[in-house]
Amino acid sequence: MSTETKNISDLYQNWDALEARATQWKNQTLAQAFAKDNNRSARFSIAAAGLELDYSKNHIDDDVIALLLDVCEQAELKTAIKKLLRGDNVNNTEQRPALHTALRFLNQPETEENKAVADALDKMAGLVARVHNGDWTGYSGKKITDVVNIGIGGSDLGPRMVTKALTPFHTDDVNVHFVANIDGAEIFDMLQKLDSESTLWLVASKSFSTLETLQNALTARAWMLDKGCPEALLHKHFVAISSKVDKAIDFGIAEENIFPMWDWVGGRYSLWSAIGLPIAFAVGMDNFNKLREGAALMDAHFAEAPLEKNIPVIMGLLMFWYSNLLGADNQAVLPYANHLQLLPAYLQQLEMESNGKSVNKAGERISYQTGSVVWGTEGSNGQHSFHQLLHQGNVFTPIDFIAPLRAHHPIAHQQKYLFANCVAQSQALMSGRDLEASKAELRVQGVSESEIDFLAEHKVHPGNRPSSTIIMEELNPTTLGALIAAYEHKVFTLGVLWDINSFDQWGVELGKLLGTHVATAIDTTDIPTDWDSSTQNLIKRFLNANN
Ligand code: F6P
């Protein structure tokens with residue numbers, strides 16, 4: 001294998017032209033672009049699958065888009081999309097497909113995957129119905145009142161985010177909870193709220209070997225026994241979702257209570273499978289299926305729409321442009337919907353675990369940036385936290401604003417303030433306020449000229465800060481499914497343009513391995529002296545504090 005590193009300019013013949021446009025965009029403003037084109041917003045907007053993407057407040061123009069579409073042609077993106085959707089081994093380091101789209105294909109031809117998905121959905125529907133209608137009871141005969149999902153990463157973030165996002169659709173048949181962290185505090189706090197007689201535990205782990213999940217499941221099992229559940233009746237309180245059926249059985253889960261996961265679905269793409277059981281328990285199978293339908297609508301759009309009118313492709317091209325030509329190493333997702341408050345955390349895994357790579361598909365080291373730091377908080381809260389930096393800081397952060405137009409609750413008169421703030425933030429970031437406008441503002445406030453000379457500079461908003469805005473009529477299972485699928489396909493688009501594998505995650509292994517070594521050193525108090533002094537000292541401090 002060659003030791004030389006691949007540069008992004010090696011991949012694309014029009015790189016010089018792209019760099020020239022990037023330089024031009026560093027010397028022109030969005031305000032100027034809007035001033036010379038009254039139709040800019042309409043020209044740079046796409047509506048599909050219940051979503052509307054307005055990407056006009058980005059540092060792009062027709063030339064830039066044309067050059068980026070040329071990049072797609074050179075990267076053979078259309079072919080790559082076909083390979084993804086038909087189940088080719090796009091995950092080339094594990095020789096696996098990435099067929100999360102098969103989890104939401106509706107009425108598709110009888111492939112092996114679609115049959116397996118249909119069977120799993122039937123099994124899910126049966127369990128949810130039995131628990132909801134009281135046919136499934138606990139060891140003392142009580143109806144189940146609480147369902148607790150024990151899982152982490154892709155076995156937690158997606159179901160947790162969707163369950164929160166669809167709060168208005170909760171059937172309230174059962175209370176749904178989530179436990180993920182190895183920190184015993186999380187499950188301890190949870191146990192205080194539960195009745196062992198009416199609690200159903202979902203052990204969600206594709207590998208069934210994740211330390212956090214197994215430890216929490218063992219704690220839950222011990223608690224059940226301690227509370228009086230006969231060992232012979234534990235099976236009434238434990239369900240597993242895993243691709244490792246034998247490991248789940250060895251743990252003590254009854255085989256009939258094990259729901260399948262498959263190697264052709266990545267963990268962070270799996271909320272559409274039985275990993276989504278907490279969602280189905282919370283909102284019912286009908287709404288879970290509407291979530292899948294929304295994603296299927298976006299899948300069809302991604303497969304069929306011309307690239308220049310393709311929402312996930314444009315989202316991907318914008319981040320490619322910002323990451324590799326305009327120097328952005330981070331991106332903010334700001335959902336102006338309190339129920340979407342967990343979306344940024346979910347997207348962190350989706351984007352950063354998929355594309356945080358430094359080797360291309362062929363195993364060659366790459367010098368260019370892939371994946372970026374994804375962060376964000378629900379609006380309008382962020383305005384009272386980090387928006388100062390977004391407006392006046394020297395950090396370049398492209399932003400996705402996400403805003404439902406209608407509220408899903410009776411306090412709907414406040415929706416206009418929420419939406420107004422979302423639009424105003426994108427407008428202020430784009431237009432800014434120059435020195436003269438700052439001075440004029442201070443004069444209107446009656447500030448003295450000497451004070452103005454001092455203060456005005458501090459009140460300048462540089463502006464020219466890009467954002468996209470995604471709106472939807474309302475946040476419901478269908479539009480949420482489409483939104484999540486749009487980000488999944490954005491991530492895939494970026495992986496293709498960067499020539500990386502978005503579906504493996506070798507970078508999580510070393511930390512896990514060393515974690516077991518440190519835990520052993522703590523258990524045995526035998527700290528290897530060839531470990532660095534920091535690690536040794538920290539372990540000694542832990543031992544001193546706990547012995
Ligand atoms: O973070 C590493 C990872 O393997 C994720 O990719 C995955 O979603 C998570 O851990 C949980 O894995 P599992 O579902 O196998 O417990």
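Let's start with D499, which counts as partly exposed because its relative accessibility is 29%, and the cut-off for buried is under 20%. This is a predicted model, by the way, so please keep that in mind as we go around it. D499 sits in the loop between α19, residues 477-497, and α20. What is the phi of D499 like? It is positive, about 55°, although D499 is not a glycine. That deserves a remark, since most residues other than glycine have a negative phi.

D499 has company in that respect. A49 also takes a positive phi, near 55°, and is likewise not a glycine. You will find A49 in the loop between β1 and β2. Then there is T525, just after α20, with a positive phi of about 55°. And while we are on backbone features, have a look at G379 and S380: a cis peptide bond joins them, with omega at about 10°. S380 belongs to the loop between β9 and α15, residues 387-392.

Now, the sheet. How many strands form it, and in what order? There are six, in an open sheet that reads β1-β2-β11-β10-β8-β9, with mixed pairing. At the edges are β1, residues 45-48, and β9, residues 373-375, each pairing on one side only. On average, neighbouring strands here are turned by 15° against each other, ignoring direction.

Let's walk in from the β1 edge. β1 and β2, residues 51-54, run antiparallel and are joined by four bridges. One pairing to find on your screen is A48 with its bridge partner L51 in β2. The next step, β2 to β11, is antiparallel too, with three bridges; here D54 has T469 as its bridge partner. From β11 we go on to β10, and this pair runs parallel, joined by six bridges. I399 and S467 are bridge partners there.

Is β11 mostly covered or mostly open? Mostly covered: six of its six residues are buried. S467, T469 and I471 point one way, while S468, I470 and M472 point the other, and every one of them is buried.

Back to A48 for a moment, in strand β1. A48 counts as buried because its relative accessibility is 12%, against a cut-off of under 20%. Which residues does A48 touch, leaving out those up to four places away in sequence? They are M298, H301 and I311. With H301 the C-alpha separation is 6.9 Å, although the two residues are 253 apart along the chain.

Next, the helices on the sheet. Helix α14, residues 343-355, lies across β8 (330-335), β9 and β10 (399-404), and runs at about 165° to β9. Helix α16, residues 415-431, also packs on the sheet: it touches β10 and β11 (467-472), and its direction makes about 160° with that of β10.

Within α16, I'd like to point out Q425. Q425 counts as buried, as its relative accessibility is 12%. What does the side chain of Q425 find there? One partner is the side chain of H391, through a polar contact of 2.7 Å. Beyond four places in sequence, the contacts of Q425 are Y336, Q383, H387, H391 and F401.

Last stop: α20 and α21. Both pass a simple length check. For α20, 16 residues at 1.5 Å each should span 22 Å, and the end C-alpha atoms are 23 Å apart, which agrees. For α21, residues 533-546, the 14 residues should span 20 Å, and the end C-alpha atoms are indeed 20 Å apart.

Which residues of α21 are buried? Q536, I539 and L543. Seen down the helix axis, these buried residues fall within an arc of 70°, so they line one face of α21. The spacing makes sense too: an α-helix has 3.6 residues a turn, so residues three or four places apart point the same way. What do the buried residues of α21 pack against? That would be α20, residues 509-524. Over on the other side of α21, S533, L538, R541, N544 and A545 are exposed. And at the start of α21, a side-chain oxygen of D532 reaches to within 3.1 Å of the backbone nitrogen of S534.

That's the tour, thanks for listening!

Note on methods. Residues are numbered from 1 along each chain as its sequence is written. This is a predicted model: local features need pLDDT of at least 70, side-chain atom pairs count only at pLDDT 80 or more; totals for chains, interfaces and linings use all residues. Side-chain values use heavy atoms; hydrogens and water are left out. Two strands pair if DSSP finds at least two bridges between them. Helices (H or I, at least four residues) and strands (E, at least two) are DSSP runs, numbered from the N terminus. Axes are lines fitted to C-alpha atoms, for helices over the stretch in contact, and angles run from 0 to 180 degrees between N-to-C directions. Contact means heavy atoms within 4.5 Å. The expected span of a helix is 1.5 Å times one less than its number of residues. Buried means under 20% relative accessible area, exposed over 50%, partly exposed in between (1.4 Å probe, protein chains only). The arc is that of the directions from the helix axis to the C-beta atoms. A polar contact is a pair of N or O atoms within 3.5 Å; within protein, one must be able to donate a hydrogen and the other to accept it, and residues adjacent in sequence count only if both atoms are side-chain atoms.
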